[in-house]
Amino acid sequence: FRDESLAKEICILLSSGNRSQDVERGEVRSHPTKNVEVLPGETRTLDPGTYGQVVVRSGGSSRSVLILQPGVYNISGLRTARGARIVFSGPTSLYVAGVVRFGSESIINSSEVDSHLIDLFTSGSVVRVARSAQATLRICAPFSTLRMGRGVQAFGRFVAQSIVAAGLQAALPTTTTTSTGSSTTSSTST
């Protein structure tokens, strides 16, 4: 987005009015606190609050699961390994100050919670959803590049400075109006 106020407005609209002062200023901040690491094969439940780096690891056939209780989370960074899962128990807002990376074959929101009830806001430079991952949520990353690998199944709304899906650049439609003499032509392209 070239117009930062427009980007902020879009994210505020996506959040259905549930906004923090940091998001209004175009920033997402977290405060230094403990890191969370979910080990391979472990299932861990996290309550709303402020956390450092949140990492959901997996190894071989040992898949990890992070269960997030409904509420607001302020996080420094969020990363899942291959095949890891993040399960939402209800409406949740994630404010991530850094990079977000969902590993290959990860499942984000495998529960029955609708995508419009899960919001991820980030001020990091990259949001990456690796190949064959599944993500059901809304992502608001107006100053980030959103990268989606091949085979990704993404459901929800996605706002980013740029979106690259399976190596293809997505562009918003543009309208151009030209005038020559007595006629005016308008065209829309993507």
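## Close-up views of a predicted model

**View 1. Tyr51 and the ring it meets.** With a relative accessibility of 9%, Tyr51 counts as buried, because the cut-off for buried is under 20%. Keep in mind for every view here that the model is predicted. How many aromatic pairs does the structure hold? There are 2 aromatic pairs. One of them brings together Tyr51 and Tyr73: the ring centres sit 6.4 Å apart and the planes meet at 25 degrees, so this pair is stacked. The pair links distant parts of the chain, with Tyr51 in strand 3 (residues 49-56) and Tyr73 in strand 5 (residues 71-80), 22 residues apart. Tyr73 is buried too, at a relative accessible area of 0%.

**View 2. Tyr95 and Phe121, another stacked pair.** Here the rings are 4.9 Å apart centre to centre, with 10 degrees between the planes. Tyr95 belongs to strand 7 (residues 92-96) and Phe121 to strand 10 (residues 118-122), so the pair ties together parts of the chain that are 26 residues apart in sequence. Are these two residues buried or exposed? Both Tyr95 and Phe121 are buried.

**View 3. An open sheet of 6 strands.** Read across the sheet, the strand order is 2-4-6-9-12-14, and the pairing is parallel. Which strands sit at the edges? Those are strand 2 (43-46) and strand 14 (153-155), and each of them pairs on one side only. Zooming in on one end of the sheet, strand 2 runs parallel to strand 4 (residues 65-68), and 4 bridges join the two. Thr45 has Ile67 of strand 4 as its bridge partner, while Leu46 is matched with Leu68, again in strand 4. Moving on, strand 4 pairs with strand 6 (residues 85-88) in the parallel sense, over 4 bridges. Leu68 turns up here as well, standing opposite Phe88 in strand 6.

**View 4. The largest nonpolar core, with 33 residues.** Which residues have the most contacts inside this core? They are Leu66, Leu68, Leu78, Ile86, Leu94, Phe102 and Leu120. Strand 13 (residues 138-148) supplies the largest share of the core, 4 residues. As a bit of background, nonpolar side chains tend to be buried together in soluble globular proteins. For a look at the company one core residue keeps, take Leu66: leaving aside neighbours within four places in sequence, Leu66 is in contact with Val38, Arg44, Leu46, Val54, Val56, Arg85, Ile86 and Val87. Among these contacts is Ile86, itself one of the core residues with the most contacts.

**View 5. Ser58, a buried serine in a loop.** Ser58 sits in the loop between strand 3 and strand 4. Why is Ser58 called buried? Its relative accessible area is 18%, and buried means under 20%, so Ser58 counts as buried. The Ser58 side chain reaches the backbone nitrogen of Ser64 at 3.0 Å. Setting aside neighbours within four places in sequence, Ser58 is in contact with Pro40, Arg63, Ser64, Ala81, Arg82, Gly83 and Ala84. Ser64 therefore appears both in this contact list and as the residue whose backbone nitrogen the Ser58 side chain reaches.

**View 6. Gly156, in the loop after strand 14.** Gly156 is found between strand 14 and strand 15 (158-165). With a relative accessible area of 38%, Gly156 is partly exposed. How far is Gly156 from Asp114 in space? The C-alpha to C-alpha distance is 8.6 Å, although the two are 42 residues apart in sequence. Not counting residues up to four places away in sequence, Gly156 touches Ser115 and Leu137.

**View 7. Glu105 and a positive phi.** Most residues other than glycine have a negative phi. Glu105 goes the other way, with a positive phi near 60 degrees. Where does Glu105 lie? Its place is in the loop between strand 8 (100-102) and strand 9 (107-108). Glu105 counts as partly exposed, at 31% relative accessibility.

**View 8. Ser132, in a loop with a positive phi of its own.** Phi of Ser132 is near 60 degrees, a positive value in a residue other than glycine. The loop in question runs between strand 11 (126-129) and strand 12 (134-136). At 35% relative accessibility, Ser132 counts as partly exposed.

Key: Residues are numbered from 1 along each chain as its sequence is written. This is a predicted model: local features need pLDDT of at least 70, side-chain atom pairs count only at pLDDT 80 or more; totals for chains, interfaces and linings use all residues. Side-chain values use heavy atoms; hydrogens and water are left out. Two strands pair if DSSP finds at least two bridges between them. Rings of Phe, Tyr and Trp (its six-membered ring) pair if their centres lie within 6.5 Å; planes under 30 degrees apart count as stacked, over 60 as edge-to-face and the rest as tilted. Buried means under 20% relative accessible area, exposed over 50%, partly exposed in between (1.4 Å probe, protein chains only). A polar contact is a pair of N or O atoms within 3.5 Å; within protein, one must be able to donate a hydrogen and the other to accept it, and residues adjacent in sequence count only if both atoms are side-chain atoms. Contact means heavy atoms within 4.5 Å. A nonpolar core is a set of buried Ala, Val, Leu, Ile, Met, Phe, Trp, Tyr and Cys residues joined through side-chain atoms within 4.5 Å.
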